[in-house]
Amino acid sequence: MGSMDDLEWTGTTSHAGDIMASTNNNGPGTRRLTNVASVAATPAAVSTRTLPTYGMPGDDRYMGPGQYSSEEYSRIGGSPPKAASDRTTAYNINTGVITSEKPGDMPPAHETIEDVEITRTRRIWSTITWALTWWIPSPFLSLCGRMKRPDVRMAWREKVAICFIIFFIWCILLFVIIGLGLILCPREYVWTMDEVSGHNSEKDAYIAMRGHVYDVTQYLNQKHGVSSFVASKDLMVMYAGLDVNASFPVAIRTACSGLVSQKADPNYSMYLNVADVTALQTFPYTHKVGTMPSSKELSDQGFYVKYVLPTLNLFKKGDVVWDYDWVNSMHKDQGKYWRIINKEVYNLEDYFATIEYPGNTDSKWRFLSNHIENIFDDKGAGTTDITKDWDRIQWSPSEHQANYNCMKNLFYVGKVDDRQSVRCLFTNYMLLAFACVLMTIVLVKFVTALQFGAKNRPITPSKFVICQVPCYTEDEASLVKTIDSLAALEYDDKHRLMFIICDGNIVGSGNDRSTPRIVLDILGVDPDYDPPG
C-alpha cells in the first residue's frame with residue numbers, strides 16, 4: 001500500500017466545480033480519495049490518493065467511508081469539522097495502521113471516498129511484517145524515529161521485514177554451502193599411506209603404526225638407544241613415511257591377554273611371523289622384548305604398552321584410511337586376508353602365516369576363534385566387507401570382546417576412506433548442479449538473443465516514458481549527442497518526455513557559456529530569454 005503522499009495523476013479533464021464521485025460500501029479496505037482541482041482556461045488534473053480504512057464494521061473503532069483523521073485533513077489542505085467529543089484510537093488489523101479521529105467527520109464537497117478491498121496477499125504480507133517486527137514498539141518509532149504517521153511506520157516495518165527475509169535466505173544458503181557438508185561428512189584427520197609416504201624427511205617425518213599416523217619430526221631430534229647402540233638421526237629418518245609395524249612387533253600375550261594365557265606364554269615370547277619379508281629388511285632394528293639386555297625399557301615385558309604407545313600418542317595426528325576398491329582388490333585379486341568390519345580394516349596376513357608355519361604345530365598359535373578364521377579364509381567366495389558375517393557369529397559377550405580387542409591390537413590397519421563417498425560429496429554435487437542450471441540459463445538467453453534471420457522492425461512502443469538527463473559541466477558536443485540519442489528513441493513524441501536537469505549555473509572547463517545556457521541554445525530557446533535562477 002502506498003503512503004498518503006503518493007499521487008496518481010490521470011489524464012481526465014474537468015472544469016471548475018466538477019466532482020469525480022465513487023463510493024463503494026462493500027466493506028472495510030482501502031479508501032481512495034479523489035480531489036478535482038480546476039485551473040482557468042486549462043485542463044484540470046485529477047489527483048487520486050489512497051487512504052486506509054481503520055477498524056472493522058460493527059466495531060466502535062471502525063472508521064469507514066466519510067470519516068477522516070485529523071492528519072488526513074491536514075494532508076489535503078482542509079480542516080476537520082468540530083465534534084462534541086474525540087473519537088478513540090482506531091486500529092486496522094489488516095494494515096497495522098493506528099490513528100485517531102473524530103466522529104461524524106465528513107469530507108469536503110470536492111472530495112469523495114472509494115473503498116478498495118484489501119487483498120489476501122496484502123493481509124498475509126502484513127501478518128509476516130508484524131511477526132518479524134513486533135519487538136519494535138510503535139512509540140519508539142514515533143519518538144526516536146520521528147515517524148509520526150502510521151503509514152510511514154508500516155512502510156518502515158516492511159523494509160525491515162524484507163531485510164530480515166534476505167538475511168534468513170543468506171543464512172540458509174551459507175548453511176547449505178558450508179554447514180550441511182560438515183554435518184553430512186564431519187571433518188576427519190585421516191591420511192592414506194600415499195600421503196604418509198610424502199612426509200619422509202628429517203624436517204617432516206610421519207610414520208604409520210597399527211592404523212594410526214604419528215608426526216615424529218620433533219621426536220627425531222631426541223636421544224635414542226643406549227650407550228652400546230645409539231640410534232642416530234640419519235638412522236631414525238629411515239622410518240619416516242613408512243608403516244613401522246614390523247619394527248615394533250607386539251607380543252601375542254600382550255595384545256590378546258584374554259586369549260593367550262600365562263601358561264601358554266610365560267615369558268611374553270610369542271610373536272607373529274611376518275608375512276611380508278621385505279618389511280623386515282627395510283628396518284635396521286626390531287624392537288622385541290629381551291633383544292637388548294642393556295636396555296631397561298626393552299627388558300621390560302610391558303615395553304610396548306608402557307613405553308611405545310604412551311610416547312607415540314604424544315605425536316598422534318589421526319588414522320590411516322584405505323580405499324575400499326583397493327582393499328577389495330587385495331581380497332579378490334591377490335587372495336590376501338584383508339577384510340572390513342564396521343568400516344575398520346583388518347589385515348590377518350601375519351596370523352595365517354603364523355598358523356601355517358611348519359614349526360607352529362601347537363594349538364596355542366590358533367588363539368583366535370575358529371569363526372573368525374572361517375569368515376576370513378573364504379577362498380575368495382565371500383565379500384570384502386564381512387560385517388554381516390561378524391554380527392551373525394554366535395558367541396558370548398566376553399568371547400566377542402576378547403577376540404575384538406585382540407584383532408584391534410594386532411591386526412587393525414586403519415579405516416575405510418569415505419571422503420569420496422556420495423554422502424561427503426553431496427554438497428559438491430549440489431553446487432555443481434546449481435552452476436549447471438545457471439550456465440544453462442545463460443546459454444539459453446544467449447541463443448535466444450542471436451539473430452538468425454532478417455532483422456524485424458519492432459512495434460513502436462506505446463508506453464509513456466520520461467528520459468531524465470542530469471548535466472553539470474558537460475560541453476555542447478556531449479549534450480547534443482545525448483539529446484539526439486534520446487530523440488532517436490522509437491517512442492511516440494506524445495508519450496515521451498525529456499527532463500533535462502542542470503545542476504547549478506556553472507561554466508564548465510572549456511565552455512564559453514554556462515551549462516543551462518548551452519541546453520537552452522540546443523533546444524532553440526530565445527537567446528534573450530533569461531530563465532529565473
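**Stop one: helix H8 and the largest pocket**

Select H8, residues 277-282. In this predicted model, H8 gives the largest share of the lining of the largest pocket, with four residues. Now add helix H11 (324-332) and helix H12 (349-355) to the selection. Together with H8, these are the elements that give two or more residues to that lining.

Which residues should you centre on? Pick Asn245, Asp276, Ala279, Asn347 and Asp350, which lie nearest the centre of the largest pocket. The full lining counts 33 residues. The space they surround has a volume of about 950 Å³. Colour the lining by class: 19 residues are nonpolar, seven are polar and seven are charged.

**Stop two: the second largest pocket**

Move on to Tyr219, His224, Gly225, Phe248 and His287. These lie nearest the centre of the second largest pocket. Its volume is about 760 Å³, and 29 residues line the second largest pocket.

Next, highlight the elements that give two or more residues to this lining. The strands are E9 (204-209) and E11 (225-226). The helices are H6 (233-237), H9 (296-299) and H10 (303-313). Which of them gives the largest share? H10 does, with five residues.

Colour by class again. The lining of the second largest pocket has 22 nonpolar, five polar and two charged residues.

**Stop three: helices H2 and H4**

Leave the pockets and select H2, residues 120-133, with H4, residues 150-184. How do their axes meet? The axes come within 9 Å and cross at roughly 75 degrees. H2 and H4 are therefore roughly perpendicular to each other.

Show the side chains at the contact. From H2, display Arg122, Trp125, Ser126, Thr129, Trp130, Leu132 and Thr133. From H4, display Met154, Arg157, Glu158, Val160, Ala161, Ile162, Phe164, Ile165 and Phe168. By class, this contact of H2 with H4 has 10 nonpolar, three polar and three charged residues.

**Stop four: along H4 to H16**

Keep H4 selected and add helix H16, residues 422-449. The axes of H4 and H16 come within 7 Å and cross at roughly 160 degrees. Are the two helices roughly parallel or roughly antiparallel? H4 and H16 are roughly antiparallel, because their angle is over 145 degrees. The crossing of H4 past H16 is right-handed.

Now pick out the residues that touch. H4 supplies Val176, Ile177, Leu180, Gly181 and Leu184. H16 supplies Arg423, Phe426, Thr427, Met430 and Leu431. The contact of H4 with H16 divides into seven nonpolar, two polar and one charged.

**Last stop: helices H17 and H18**

Finish with H17, residues 476-487, and H18, residues 515-522. Their axes come within 10 Å and cross at roughly 50 degrees. That angle makes H17 oblique to H18. The crossing of H17 and H18 is right-handed.

Which residues make this contact? On H17, select Glu476, Leu479, Val480 and Ile483. On H18, select Thr515, Ile518, Val519 and Ile522. By class, the contact of H17 with H18 has six nonpolar residues, one polar and one charged.

Note on methods:
Residues are numbered from 1 along each chain as its sequence is written. This is a predicted model: local features need pLDDT of at least 70, side-chain atom pairs count only at pLDDT 80 or more; totals for chains, interfaces and linings use all residues. Side-chain values use heavy atoms; hydrogens and water are left out. On a 1 Å grid over the protein atoms alone, a cavity is a set of points where a 1.4 Å probe fits but cannot get out, and a pocket is an open set with protein on both sides within 12 Å along at least five of seven lines; lining residues have an atom within 4 Å of a point. Grid points are joined across faces, edges and corners, and a volume is the space filled by probe spheres set on the points. Ala, Val, Leu, Ile, Met, Phe, Trp, Tyr, Cys and Pro count as nonpolar, Asp, Glu, Lys and Arg as charged, and the others, Gly among them, as polar. Axes are lines fitted to C-alpha atoms, for helices over the stretch in contact, and angles run from 0 to 180 degrees between N-to-C directions. Angles under 35 degrees count as roughly parallel, over 145 as roughly antiparallel, 65 to 115 as roughly perpendicular and the rest as oblique. A crossing is left-handed if the near helix is turned anticlockwise from the far one by less than a right angle, and right-handed if clockwise. Contact means heavy atoms within 4.5 Å.
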